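Reader: I'm new to looking at protein structures. Could you show me how to read one, feature by feature?

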Amino acid sequence: RGAGMKLVVKWQRQELEVPVDRDQPPVVFKTQLYSLTGVPPERQKIMIKGGLLKDDADWAALPLKDGQRVMMMGSAGEIPQAPPPAPAEEAAPMEEDEPAPPPAQVEGAGLENLGNTCYMNSCLQCLYSVDPLREAVGGYAGAEGDSSLAHRLTGATKDLFTQMTGSRRSVAPFQFLQVLRTKYPQFAQAQNGVFMQQDAEECWTQLLYSLRERVDGTFGGEGAPPIKKLFGIDLKATLKCEESGEEQVEDQTVYTLKCNITQAVNHLNEGLKLALVDDREKHSEKLGKTVVFQGKSALTGTLPEYLTVQLVRFLYRRDTQQKAKILRPVSFPQTLDVYDLCDEALKAQLSPWRRADDLDAEKDAKKSKTEGGSGEAAPAEEGAPPAAGPNGHYTLQAVLTHKGRIADSGHYVAWVKQPDGQWVEFDDDKIIPVDEEDIAKLNGGGDWHMAYLCLYKAKSG
């Protein structure tokens, strides 16, 4: 078993040499053929000795060898292409089910769904919007002789981001998917020969873990390693036992803030504060027994350049033995202020830049008032910091949504803010411009797409 075999597929007048990963079911091989020929897997009839190649067949039991020729029958649908220019008064006609070409100047690319891979596509399309991440991954070379799966996944991410840059056609992320499933076998779970839907947040977390492992692990520059600097959130948990008076402090770094959802939570900020309540059962040295320590966590140290927030919408139901979805609407802001979530030391760091923001607002107001009156310039204010710095404000950069009521099914989509402020919906290989009002409607409350992960970018004062 294992990868390494190639088959020569004869289709119409073409002969295609296609690699076979025998650790994956034949449906993956058929998806590769789809990208090469445009023949959808359900239309493919691949003739082998003894009959047709089935989607869930065991490669080891098939009479095939390296370099063997097989025949495929099936008609191709048209492979998506940009339509020809249309007259000014008419729109270019589109083929049925053919994804439209991306709007001009879109940063990012459509990704083909390779069989319940929208969870992966939406993660990649959101993370691609982080310019410094693309730069850090693009500069990764790895250590000589490194054959680890983390190295391979980081390299596959680098290659995929390169393909997505400036692409006017959708990209088929075969290599990335194959390495992801090899590194994290849970993403290769199949049922009746079909790969299952997976949790986008788990994919996001595991991918960032691998990137930290390799990009940060080989970082030799000054300051914080790139992935830690971009996404790392330092938390300080203060734990107090009322019965004994004991107090403990624990530090940790996480890469996602949680927004817990209850009947009392209507806004993202409320859910974030609720999730930072951190009561724990711990052993008391004074009392000699396990007691409840009341705890609360706060952001500390240095704020990351990008803040990932997970709205905790899925919970496990024992009666159905499935992850059920919390549909309650929870609004999320275009600008998020985390100042109240910080400890006193971090608040002291942020305060000067927040005052600078206030001064700038006052100067803008005075300038506007003066220009509307005498025409004289408003006098410059003194005492503001000389340069920009972190102030605890973040602007919404991307939203990853889930549509459906069960975690193991449904559909994931990425919504990404472009450099010019235009929002774009990435629905696998479809790219659709949307308005800011459409983003506000992703707050939940029904069967429409609802925010599951929000990615915020830090503002400077």
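Author: Happily! This is a predicted model, so every value here is computed from it. Let's begin with how two helices pack. Helix H3 (residues 131-138) and helix H4 (residues 149-164) meet at an angle of about 120°, and their axes lie 9 Å apart.

Reader: What does that angle make H3 relative to H4?

Author: It makes H3 oblique to H4, because angles of 65 to 115 degrees count as roughly perpendicular and those over 145 as roughly antiparallel. H3 crosses H4 in a left-handed way.

Reader: Which residues of H3 and H4 make the contact?

Author: On the H3 side, they are Leu133, Arg134, Val137 and Gly138; H4 contributes Thr154, Thr157, Lys158 and Phe161. Here is a general idea to help you read such lists: an α-helix has 3.6 residues a turn, so residues three or four places apart point the same way. Sorted by class, the contact of H3 with H4 has 3 nonpolar, 3 polar and 2 charged residues.

Reader: Let me try another pair. At what angle do the axes of H2 and H6 cross?

Author: At roughly 50°, and the axes of H2 and H6 come within 8 Å. That makes H2 oblique to H6. The crossing of H2 and H6 is right-handed.

Reader: How many nonpolar, polar and charged residues are in the contact of H2 with H6?

Author: Look at the residues before counting. H2 offers Tyr119, Met120, Cys123, Leu124, Cys126 and Leu127, while Ala200, Cys203, Trp204 and Leu207 come from H6. By class, that contact has 10 nonpolar residues, with no polar and no charged ones.

Reader: Which residues of helix H5 are buried?

Author: In helix H5 (residues 174-183), they are Phe176, Leu177, Val179, Leu180 and Arg181. These buried residues pack against helix H1 (26-37), helix H2 (118-128), H4, strand E7 (194-195) and helix H6 (200-216).

Reader: Now for strands. How do they come together in a sheet?

Author: In general, strands of a sheet pair through backbone hydrogen bonds, either parallel or antiparallel. In this model, 4 strands form an open sheet in the order E9-E8-E12-E11, with antiparallel pairing. Its edge strands are E9 (247-254) and E11 (280-284), each pairing on one side only. Neighbouring strands of this sheet are turned by 35° against each other on average, direction ignored.

Reader: Over how many bridges do E11 and E12 pair?

Author: E11 and strand E12 (residues 289-299) pair in the antiparallel sense over 5 bridges. To find a spot to look at, take Glu281, which stands opposite Val292 in E12.

Reader: And how do I read the two faces of a strand?

Author: In a regular strand the side chains alternate between the two faces of the sheet. Try strand E13 (residues 306-311): 6 of its 6 residues are buried, so E13 is largely enclosed by the rest of the structure. Tyr306, Thr308 and Gln310 are buried on one side, and Leu307, Val309 and Leu311 are buried on the other, so both faces are covered.

Reader: Which strand pairs with E13 in the parallel sense, and which in the antiparallel sense?

Author: Strand E10 (residues 257-259) pairs with E13 in the parallel sense over 3 bridges, and Leu257 has Val309 in E13 as its bridge partner. Strand E21 (residues 450-460) and E13 pair in the antiparallel sense over 5 bridges; there, Leu307 has Tyr456 of E21 as its bridge partner.

Reader: How many helices and strands does the protein chain have?

Author: The chain comes to 10 helices and 21 strands, and buried residues make up 44% of its 461 residues.

Conventions. Residues are numbered from 1 along each chain as its sequence is written. This is a predicted model: local features need pLDDT of at least 70, side-chain atom pairs count only at pLDDT 80 or more; totals for chains, interfaces and linings use all residues. Side-chain values use heavy atoms; hydrogens and water are left out. Two strands pair if DSSP finds at least two bridges between them. Axes are lines fitted to C-alpha atoms, for helices over the stretch in contact, and angles run from 0 to 180 degrees between N-to-C directions. Angles under 35 degrees count as roughly parallel, over 145 as roughly antiparallel, 65 to 115 as roughly perpendicular and the rest as oblique. A crossing is left-handed if the near helix is turned anticlockwise from the far one by less than a right angle, and right-handed if clockwise. Contact means heavy atoms within 4.5 Å. Ala, Val, Leu, Ile, Met, Phe, Trp, Tyr, Cys and Pro count as nonpolar, Asp, Glu, Lys and Arg as charged, and the others, Gly among them, as polar. Buried means under 20% relative accessible area, exposed over 50%, partly exposed in between (1.4 Å probe, protein chains only).
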